[in-house]
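Work through the exercises below with the sequence and the model side by side. Try each task before you read its solution.

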Amino acid sequence: MLKNPLPILSVRPIRALVDEVMKVIVMNLRPGSPVTLHSLHLSEDQDYWEAFGHYVSCQRGTVSVADDLSFGGTYSGKEPMGLLWSQRPVPGSRRDLRLRKMNPTTPMPVHISVYSGHLTGGFQDQVPLASVLTERWYMAPGVKRISVKEGNILGTLFIPPGPGPFPGLLDMWGGGGGLVEYRAALLASHGYVTFALSYLSEKGLLNPTDFESVFNMIKSHPQVIPDKVGIFGLCFGSIITLYLAAESKVIKPTCCVCVSATHCKDHESSGLSLSLAKLGSNSKVRVDENNHSVWRDLTLPIPTDSSRKLDVSKVNCPLLLVCGDDDQNVATVEAAEDMAQMIHAAGKDHLLTKLVYAGTGHLIEPPFTPHCRFSRFINPENGQDSTMLWGGQTKPHSDAQEDSWKKILAFLQMHLYDSSCPRARL
C-alpha cells in the first residue's frame, strides 16, 4: 500500500524586500484537511513575534494563503500577507513591545510552518508538518551603507546599486531620537540615495545650519542628481521637514513627504526650538484607562494664532501628507485640514496631496510591519519612560501601511525620478 505523500510547503520568494508580497502554498494535504499556517520571528531584541491563520485544504489537497480564506487566528479572510502584518509578541513576552529592525544590513528571518488542525497556541510544543525559513530584507543586494560623523552631524548614507546618478532623500524619524536606518535602506533599495539623519538627542535638536549642511551634502554627492532631492519625515521629523521647506533660505527640496505631521508649535518657541520634555509635561497630556499616555490633545484646538503654526503656505514644492484618523499621539487629521486651508489661501492647491486613512494610528510604517497600537517610549531629552498610545486598529492600519507606501513611492517617482535606472530587487 502506498503511503500518503508528505505535505510540501512553498514560500516564494524565499528572500525578498520587506515590501514585497510573498506567496505561501501548502500541497499534498488530504482534501478538506484543517491546518494552521504559522509565522515566527525572533527580533534583534530577542523577543519572539508570531501570527497564524486557520485554513482548510481544497479538493486538490492544497492551501494558498493568497487565494484561500483564513477562518480564524490572528487574521481572517483572504489576506496574502496576514502572516506578517498580524504578528504580535508570543504569550508571556515583555510588555509594550514594538518590532523594529535597527540593523538593516542583516535580514529578518521568518519561519513559516504548517501544523495539522486549527491551533491557537502552544506551537513550540507541536511538530509541524513542514517548515520553511524565509528572509525579509530592508537593504537590497548592492546597496552601499556609509556611516557619516562630521561635527554635530550623525547619520547613514545609503546608495543604490548601479552607475547613477540617482535622486536623493533626507530621511528623518520621530521624537524617539537616535539613528533609525531601516526606511532609508528600503528607499535606497528603490533607487534613491537616502541619508538617515539622527537629529535629536539628549543634547536637543540640531541647529538649522546643520540641517542645511546635511541637505547640501546629499545634493553635492556625485551619485545624486542635484536638483532632485526631497525630504521624508515622520511625526517630529515631519515638523522639521515642514519648517525647512517653508523657512530655510538654503534648503529647496524638490518634494516632501510628511507622515503623521503637524504644523503646530509651542507659542513660546521660534524656529526649531521645540521641546519634547516640555510637551511631555503639558497639562493636556492625559493617561487612558491602561495607563497609556495620550498626546493628541496637545495641539487641539488647532490654533488660529499664526504665531503658533508653521507657515506652510511658504512651501513651494509638492507636498504629500499621510495621516490616520485614529492617531492618538498627534491631531494629524485636524492639522492636515488646517494646512490644506493655508495652502489653498495661498493659491497652491496643486502642490498638496493629502491621504487620510480610517482606523489608522500614528506609526504608519512600510508595508507588512506589525501594527503597534502602543509601546514603550523614552524621551530622548530627559530620559522619561512611559507607554505611549499611538492608535489604530490592526487590519485597517495594516491596509493603510500597504496602500500609503505604494502611493508614497508613486509620489517620489513622479517628482524625483527622471531616469530609467532599474530598482534593486532581491
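## Exercise 1: Phe368 and Cys235

Task: decide whether Phe368 is buried or exposed, and then describe its backbone and its place in the chain.

Solution. With a relative accessibility of 7%, Phe368 counts as buried, where buried means under 20% relative accessible area, exposed means over 50%, and partly exposed lies in between, using a 1.4 Å probe and protein chains only. Next, look at the backbone: Phe368 has a positive phi of about 75° although it is not a glycine. Finally, Phe368 is placed in the loop between strand S21 (352-357) and strand S22 (374-378), where helices (H or I, at least four residues) and strands (E, at least two) are DSSP runs numbered from the N terminus.

Cys235 can be treated in a similar way. Cys235 is not a glycine, yet its phi is positive, about 55°, and Cys235 lies in the loop between S16 and helix H4 (236-247). Its relative accessible area is 14%, so Cys235 is buried.

A note on the source: this is a predicted model, in which local features need pLDDT of at least 70 and side-chain atom pairs count only at pLDDT 80 or more, while totals for chains, interfaces and linings use all residues. Residues are numbered from 1 along each chain as its sequence is written, and side-chain values use heavy atoms, with hydrogens and water left out.

## Exercise 2: The packing of H2

Task: find how many residues of H2 are buried, and describe how H2 packs with H7.

Solution. Begin with the cover of helix H2: eight of its eight residues are buried, among them Tyr182, Ala184 and Ser189. The buried residues of H2 pack against strands including S2 (15-17), S11 (153-159) and S16 (224-234), and also against H7.

Two packed helices are described by the angle between their axes and the distance between the axes. Helix H2 (residues 182-189) and helix H7 (residues 394-416) pack at an angle of about 55°, and their axes are 12 Å apart. H2 is therefore oblique to H7, since angles under 35 degrees count as roughly parallel, over 145 as roughly antiparallel, 65 to 115 as roughly perpendicular and the rest as oblique. From H2 the contact is made by Arg183, Leu186 and Leu187, and from H7 by Trp405, Leu409 and Leu412, where contact means heavy atoms within 4.5 Å.

## Exercise 3: Arg296 in its loop

Task: locate Arg296, and say which residues Arg296 is in contact with, leaving aside its neighbours within four places in sequence.

Solution. Arg296 is found in the loop between strand S19 (293-294) and strand S20 (319-324), and with a relative accessible area of 15% Arg296 is buried. Leaving aside neighbours within four places in sequence, the contacts of Arg296 are Asp327, Gln328, Asn329, Val330, Ala331 and Glu334. For Asp327 a distance can be added: its backbone oxygen lies 2.9 Å from a polar atom of the Arg296 side chain.

Pro301 also lies in the loop between S19 and S20, and the peptide bond from Leu300 to Pro301 is cis, with omega near -10°.

## Exercise 4: Leu69

Task: state where Leu69 lies, and how far apart Leu69 and Tyr55 are in space.

Solution. Leu69 lies in the loop between strand S6 (63-64) and helix H1 (82-85), and is partly exposed, with a relative accessible area of 44%. Leu69 and Tyr55 are 14 residues apart in sequence, and from C-alpha to C-alpha they are 6.7 Å apart in space.

Notes:
Axes fitted to C-alpha atoms, helices over the stretch in contact; angles between N-to-C directions. Polar contact = N/O pair within 3.5 Å; in protein donor to acceptor, adjacent residues only side chain to side chain.
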